[in-house]
Amino acid sequence: MGCRERKEKQELIRFCAGEGGRLQIDLRGGSPGRGAYLCPEAECIRSAVKRNSLGRGLRRRVEDRGAGWLEGTILRAIEEELKEVFQSELDFRHGDETAREIASFSHRDKKKGERASLLWYKYRCLKNTEEIS
């Protein structure tokens, strides 16, 4: 929606309209209702916010709190989801250590490991583009 590139669905971040029309991040992809997808990159998110792509994609009014707010909200949602998958605290400031933990976890539990790897991919994409800009 933001960059208009085609990507695999699992590489994207899904949004849906939550209660009261509030924008909801659906990292599991299972929430009911119409969904809209964005790349996990800051430029894509900024472009989507600027053009109101999420509102058009969801076919409803979406409150504009700015791209910075949305990027931060996405990062926090991914962090919480990763903590839930691992059922423990992770230190996201040390990317290499976290990546090793995810790789090690993948060997023990393949399904959760794949989920954690996808979440980590999205987190790093957004974090890297955030640091560059």
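In this predicted model, the loop between helix 1 and helix 2 contains Asn52. The phi angle of Asn52 is near 55°, a positive value in a residue other than glycine. Such a value deserves attention because most residues other than glycine have a negative phi. Asn52 counts as partly exposed, since its relative accessibility is 40% and the partly exposed class lies between the limits of 20% and 50%.

The loop between helix 2 and helix 3 offers a further case, for Arg59 lies there. Arg59 is not a glycine, yet it has a positive phi of about 60°. With a relative accessible area of 65%, Arg59 is exposed, because the exposed class begins over 50%. Another positive phi, of about 55°, is found at Gln87, just after helix 3.

Attention may now turn to helix 3 itself. This helix runs through residues 67–86 and has 20 residues. At 1.5 Å a residue, helix 3 should span 28 Å, and its end C-alpha atoms are 29 Å apart, which agrees with the expectation. Of the 20 residues in helix 3, 14 are buried, and the helix is thus mostly covered.

Helix 3 also contributes to the nonpolar interior. The largest nonpolar core has 28 residues, and those that touch the most other members are Phe15, Leu38, Ile45, Ile74, Ile78 and Leu82. Several elements each supply at least two residues of this core: strand 1 (13–17), strand 3, helix 1 (42–51), helix 2 (53–58), helix 3 and helix 5. Helix 3 provides the largest share of the core, with eight residues.

Charged side chains on helix 3 take part in contacts of another kind. By the rule applied here, the structure has eight salt bridges. One of these joins the side chains of Arg28 and Glu81, with a distance of 2.8 Å from N to O. This pair links distant parts of the chain: Arg28 belongs to the loop between strand 2 (23–26) and strand 3 (35–38), Glu81 belongs to helix 3, and the two are 53 residues apart. The partners differ in their surroundings, for Arg28 is exposed, with a relative accessible area of 54%, whereas Glu81 counts as buried at 10% relative accessibility.

Arg28 has a salt bridge with Glu84 as well, and here the closest N and O atoms are 2.3 Å apart. Because Glu84 lies in helix 3 and Arg28 in the loop between strand 2 and strand 3, this pair ties together parts that are 56 residues apart in sequence. Glu84 is partly exposed, with a relative accessible area of 48%. These contacts belong to a network of salt bridges in which Arg28, Glu81, Glu84 and Arg115 are linked.

A salt bridge may also lie within one helix. Glu80 and Lys83 form such a pair, with their closest N and O atoms 3.9 Å apart; this distance satisfies the rule because the limit is 4 Å. The two residues are three residues apart in helix 3, so they are separated by about one helical turn. Glu80 counts as partly exposed at 48% relative accessibility. Lys83, in contrast, is buried, because its relative accessible area is 18% and the buried class lies under 20%.

The end of helix 3 can also be related to helix 5. Gly113 has its place in helix 5 (residues 110–132). The C-alpha atom of Gly113 is separated by 9.2 Å from that of Phe86, although their positions lie 27 residues apart along the chain, counted as a separation in sequence. With a relative accessible area of 1%, Gly113 is buried.

Finally, the model contains pockets. The largest pocket has a volume of about 290 Å³. Its lining consists of 14 residues, and Arg22, Leu23, Gln24, Arg65 and Trp69 lie nearest the centre of the pocket. Strand 2 and helix 3 each supply at least two residues of this lining, and the largest share, four residues, comes from helix 3. By class, the lining has seven nonpolar, four polar and three charged residues. Helix 3 therefore gives the largest share both to the nonpolar core and to the lining of the largest pocket, by the way in which helices are assigned here.

Note on methods. Residues are numbered from 1 along each chain as its sequence is written. This is a predicted model: local features need pLDDT of at least 70, side-chain atom pairs count only at pLDDT 80 or more; totals for chains, interfaces and linings use all residues. Side-chain values use heavy atoms; hydrogens and water are left out. The expected span of a helix is 1.5 Å times one less than its number of residues. Buried means under 20% relative accessible area, exposed over 50%, partly exposed in between (1.4 Å probe, protein chains only). A nonpolar core is a set of buried Ala, Val, Leu, Ile, Met, Phe, Trp, Tyr and Cys residues joined through side-chain atoms within 4.5 Å. On a 1 Å grid over the protein atoms alone, a cavity is a set of points where a 1.4 Å probe fits but cannot get out, and a pocket is an open set with protein on both sides within 12 Å along at least five of seven lines; lining residues have an atom within 4 Å of a point. Grid points are joined across faces, edges and corners, and a volume is the space filled by probe spheres set on the points. Ala, Val, Leu, Ile, Met, Phe, Trp, Tyr, Cys and Pro count as nonpolar, Asp, Glu, Lys and Arg as charged, and the others, Gly among them, as polar.
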